[in-house]
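Student: I'd like to go through this one with you and ask what the labels rest on.
Tutor: Sure, let's open it up and take the terms as they come.

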Amino acid sequence: GPLLSLADVGKRFANAVTALDGLDMQVRQGEFLSLLGPSGCGKSTALRLIAGLTDPSRGQIMWNPSEAARQSIGFVFQEPTLMPWANVFANVHLPLKLAGVGRKAAEPAITEALEMVGLSAFHGAYPRELSGGMKMRVSIARALVTKPRLLLMDEPFAALDEITRFKLNNDLLDVWHRLGCTIVFVTHSVFESVFLSTRILVFRARPGRVSAELSIDPNQTRD
Ligand code: ADP
Ligand code: ADP
């Protein structure tokens, strides 16, 4: 069965904005799923619901009981939000540190995560010394360091120039293959979604609901 399902999910905020109205979608094991649609159609809200960062106003989010993915989620936001006073190594250490893993025990995982995003030479650098693309790489390494089963990404590359973005797209595909995780990727770029995904859910304009589904390469999923 699917990794998780959203059934008739609605989300209405306190200010009476209805972000989602009857969203039905599934995330399949091992796929690279893009949520595509114009700004404001509820993509981020759907991602935040999956992450458990907010609760639905109606409907259900059901996790596959045989999957531990719910306990193993990495989240990458559009803004890298690194700690400016800490170097790259310490920034990537953070999720493990919060889980009680000390610097020394965490070092192999941190080294591997930084290697996956091409930042092996930058352990000691500080965020202010890095370009936007490199900061995003650190942010991805931080999400990968716990080896999540499910990686949720909310327009991670939207603020980057086109060439940097294309490099990061390629590197993200390598990470996905290497880690063998499931990715749900929010974007409003048709090109990016077609380039990256095995499947695309096209959201219609508000209130959010899936209006079309596009399979790019279903053979790539690890069902
Ligand atoms: P997208 O990611 O597709 O741009 P969002 O999920 O961010 O869309 O937002 C969908 C709608 O819900 C928008 O109108 C947005 O302004 C509104 N919205 C999002 N978050 C909140 C919030 N915390 N409180 C009130 N309205 C919100
Ligand atoms: P993006 O378009 O990059 O998704 P948004 O401007 O929609 O960014 O949202 C940025 C943040 O502000 C999100 O955390 C969202 O939940 C919140 N937000 C968006 N719209 C509203 C709103 N109308 N009222 C309160 N919070 C909002």
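Tutor: Ligand 1 has 13 residues around it, and the closest are Gly 40, Gly 42, Lys 43, Ser 44 and Thr 45. A residue is near a molecule or strand if one of its heavy atoms lies within 4 Å of it. Before we go on: this is a predicted model, where local features need pLDDT of at least 70 and side-chain atom pairs count only at pLDDT 80 or more, while totals for chains, interfaces and linings use all residues. Residues are numbered from 1 along each chain as its sequence is written, chains are lettered from A and ligands numbered from 1 in the order in which they are written, and side-chain values use heavy atoms, with hydrogens and water left out.

Student: What makes the approach of Lys 43 to ligand 1 a polar contact?
Tutor: A polar contact is a pair of N or O atoms within 3.5 Å; within protein, one must be able to donate a hydrogen and the other to accept it, and residues adjacent in sequence count only if both atoms are side-chain atoms. An N or O atom in the Lys 43 side chain is 2.9 Å from an oxygen atom of ligand 1, so that pair passes. A side-chain N or O atom of Ser 44 is 2.7 Å from an oxygen atom of ligand 1.

Student: Which residues surround ligand 2?
Tutor: Asn 15, Ser 39, Ser 44 and Gln 78. An oxygen atom of ligand 2 is 3.3 Å from a side-chain N or O atom of Ser 44, and a polar side-chain atom of Gln 78 lies 3.3 Å from a ligand 2 oxygen.

Student: Why is Thr 187 called buried?
Tutor: Buried means under 20% relative accessible area, exposed over 50%, partly exposed in between (1.4 Å probe, protein chains only). Thr 187 has 1%, so it's buried. The Thr 187 side chain also makes a polar contact with the side chain of Glu 192 (2.8 Å).

Student: Why is α3 called oblique to α5?
Tutor: Helix α3 (residues 103–116) and helix α5 (residues 162–179) pack at about 140°, axes 10 Å apart. Angles under 35 degrees count as roughly parallel, over 145 as roughly antiparallel, 65 to 115 as roughly perpendicular and the rest as oblique. That leaves α3 oblique to α5.

Note on methods. Axes fitted to C-alpha atoms, helices over the stretch in contact; angles between N-to-C directions. Helix = DSSP H or I, 4+ residues; strand = E, 2+ residues; numbered from the N terminus.
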